[in-house]
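Trainee: I would like to learn how to read the features of a structure one at a time. Please give me the general idea and then the case at hand.

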Amino acid sequence: MRLVTLRVPGHDLTVAARLESDTTAVTFPGYPDVGALLKAGDSTAWQEGEKVEFTPEQLAPVIPRPGKIICVGLNYAKHIDEMGHERPDVPTLFIKFPEALIGPYDDAEIPDFNADTLDFEGELAVVIGKYTRHVNEVDANEHIAGYAVINDYTQRHIQKRTKQWHQGKSLEKTAGFGPWLDTEWQPGPVLITTVGGEVMQQAPTDDLVFSPAKLIEFISHLYPLEPGDVIATGTPDGVGHARNPQRYLADGDTVRVEIEGLGAIENTTRVYPAK
């Protein structure tokens with residue numbers, strides 16, 4: 001099943017829905033987004049409403065305001081090498097705030113004072129389906145609601161100013177997230193990131209130092225995970241910062257992140273003058 005969060009035309013509202021085709025979905029009345037569905041629990045209780053047509057622009061972040069967005073750094077071996085780090089013994093975690101999220105086809109809006117050294121990081125996102133605390137790796141998959149695509153959009157200069165990465169990783173209105181939550185897809189197929197049609201990243205989504213199950217085990221022994229929480233599992237090699245010459249994003253650059261069988265997000269950077 002593929003679940004989406006749709007913007008309601010003419011209203012400042014959203015509604016959760018089940019995808020039927022690229023342009024049609026069946027709504028779940030009473031549930032404003034996919035996160036609300038997951039928090040409600042048993043999917044057999046979700047009562048479907050009307051069938052609606054939608055445009056790509058109506059797709060909101062699949063979970064607009066997760067309680068937690070936990071990002072994993074240094075989780076593909078080749079990316080670890082290109083960034084000049086040693087392979088970690090435990091996951092490297094940092095936090096992204098919900099204000100960073102945008103829809104799968106929204107523009108990434110950047111004030112001009114933050115517009116240098118902008119970078120792309122195509123990633124697989126894991127969405128938690130039920131309360132998760134002190135879970136072992138062998139049982140962790142039972143706590144996954146499904147998977148989606150996310151771009152850990154980064155401002156490298158801000159990120160590199162200190163040893164704590166969060167400040168360069170959570171810019172407002174930058175991180176495309178969607179296009180849907182797939183409850184049946186499993187890691188393995190290839191992730192491809194392009195900028196202006198040129199392939200920048202390409203890697204299988206199961207080639208991780210720490211698998212989704214291992215990440216859930218590690219994180220759930222630090223703090224509980226709730227339905228709708230998101231884990232961004234890390235990015236493959238090929239990011240703009242590590243290239244020679246470096247390839248940062250500029251106004252008008254379109255980043256597309258696609259995972260085979262899981263769909264694609266496509267976001268264009270728009271730099272605007274700060275007031």
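Mentor: We go through a domain record, a helix, some single residues, and then the empty spaces. The model is predicted.

Trainee: Which residues does the UniProt domain feature cover?

Mentor: A record gives a span, and the coordinates then describe it. The UniProt record, an unreviewed entry, places "domain: Fumarylacetoacetase-like C-terminal" at residues 68-268. In the model, that span is 10% helix and 35% strand. Its end C-alpha atoms lie 25 Å apart.

Trainee: How should I read a helix such as H4, and how many of its residues are buried?

Mentor: An α-helix has 3.6 residues a turn, so residues three or four places apart point the same way. Helix H4 spans residues 212-220, and 7 of its 9 residues are buried, so the helix is mostly covered, given that buried means under 20% relative accessible area. The buried residues are Pro212, Ala213, Leu215, Ile216, Glu217, Ile219 and Ser220.

Trainee: Which strands do the buried residues of H4 pack against?

Mentor: The partners are strands S5 (69-73), S6 (92-95), S10 (122-128), S11 (144-151) and S16 (230-232).

Trainee: Next, Thr205. Where is Thr205 found, and is Thr205 buried or exposed?

Mentor: Start with the position in the chain, then take accessibility, then partners. Thr205 is in the loop between strand S15 (198-204) and H4. Its relative accessible area is 0%, so Thr205 counts as buried.

Trainee: Which backbone atoms lie by the polar side-chain atoms of Thr205?

Mentor: The backbone nitrogen of Gly188 is 2.9 Å from a polar atom of the Thr205 side chain. The backbone oxygen of Pro189 is 2.7 Å from a polar atom of that side chain. Beyond four places in sequence, Thr205 touches Tyr76, Leu124, Trp185, Pro187, Gly188, Pro189, Leu191 and Ile259.

Trainee: What about the backbone torsions? Which peptide bonds are cis?

Mentor: Read omega for the peptide bond. The bond from Gly178 to Pro179 is cis, with omega near -10°. Pro179 is in strand S13, residues 175-182. A cis bond also joins Asn244 and Pro245, with omega about 0°. Pro245 is in the loop between S16 and strand S17 (254-259).

Trainee: And phi? What is the value for Leu74, and what is it for His134?

Mentor: The sign is the thing to check in a residue other than glycine. Leu74 has a positive phi, near 55°, and His134 also has a positive phi, near 55°. Leu74 is in the loop between S5 and helix H2 (77-82), while His134 is in the loop between S10 and S11. Leu74 is buried, because its relative accessibility is 9%. His134 is partly exposed, with a relative accessible area of 43%.

Trainee: How is empty space found, and how many cavities of 30 Å³ or more are there?

Mentor: Rolling a probe the size of a water molecule over the atoms shows where empty space is left. A search of the whole structure finds 1 cavity of 30 Å³ or more. Of the 17 residues that line the largest cavity, Leu74, His79, Glu121, Trp165 and Lys169 are the closest to its centre. The largest cavity holds about 110 Å³ of space.

Trainee: Which helix gives the most to the lining of the largest cavity, and how does the lining divide by class?

Mentor: Helix H3 gives the most, with 3 residues. S5 and H3 (156-160) each supply at least two. By class, the lining has 5 nonpolar, 6 polar and 6 charged residues.

Trainee: How much space lies in the largest pocket, and which residues line it?

Mentor: The largest pocket has about 240 Å³ of space. Its lining consists of Arg7, Pro61, Pro64, Pro98, Glu99, Leu101, Ile102, Asp106, Asp107, Glu109, Glu172 and Lys173. That lining counts 5 nonpolar, no polar and 7 charged residues.

Trainee: One last case: how far apart are His166 and Ile95?

Mentor: Compare separation in sequence with distance in space. His166 and Ile95 are 71 residues apart in sequence and 6.1 Å apart in space, C-alpha to C-alpha. His166 lies in the loop between H3 and S13. Leaving aside neighbours within four places in sequence, His166 is in contact with Ile95 and Phe97. At 30% relative accessibility, His166 counts as partly exposed.

Conventions:
Residues numbered from 1 in each chain as written. Predicted model: local features only at pLDDT ≥ 70, side-chain atom pairs only at ≥ 80, totals over all residues. Heavy atoms only, no water. Buried < 20%, exposed > 50% of the residue type's maximum accessible area, 1.4 Å probe, protein only. Helix = DSSP H or I, 4+ residues; strand = E, 2+ residues; numbered from the N terminus. Contact = heavy atoms within 4.5 Å. UniProt positions renumbered as here; feature names shortened; annotations may be inferred. 1 Å grid on protein atoms, 1.4 Å probe; cavity = no way out; pocket = protein on both sides within 12 Å on 5 of 7 lines; lining within 4 Å. Points joined across faces, edges and corners; volume = space filled by probe spheres on them. Nonpolar A, V, L, I, M, F, W, Y, C, P; charged D, E, K, R; others polar. Polar contact = N/O pair within 3.5 Å; in protein donor to acceptor, adjacent residues only side chain to side chain.
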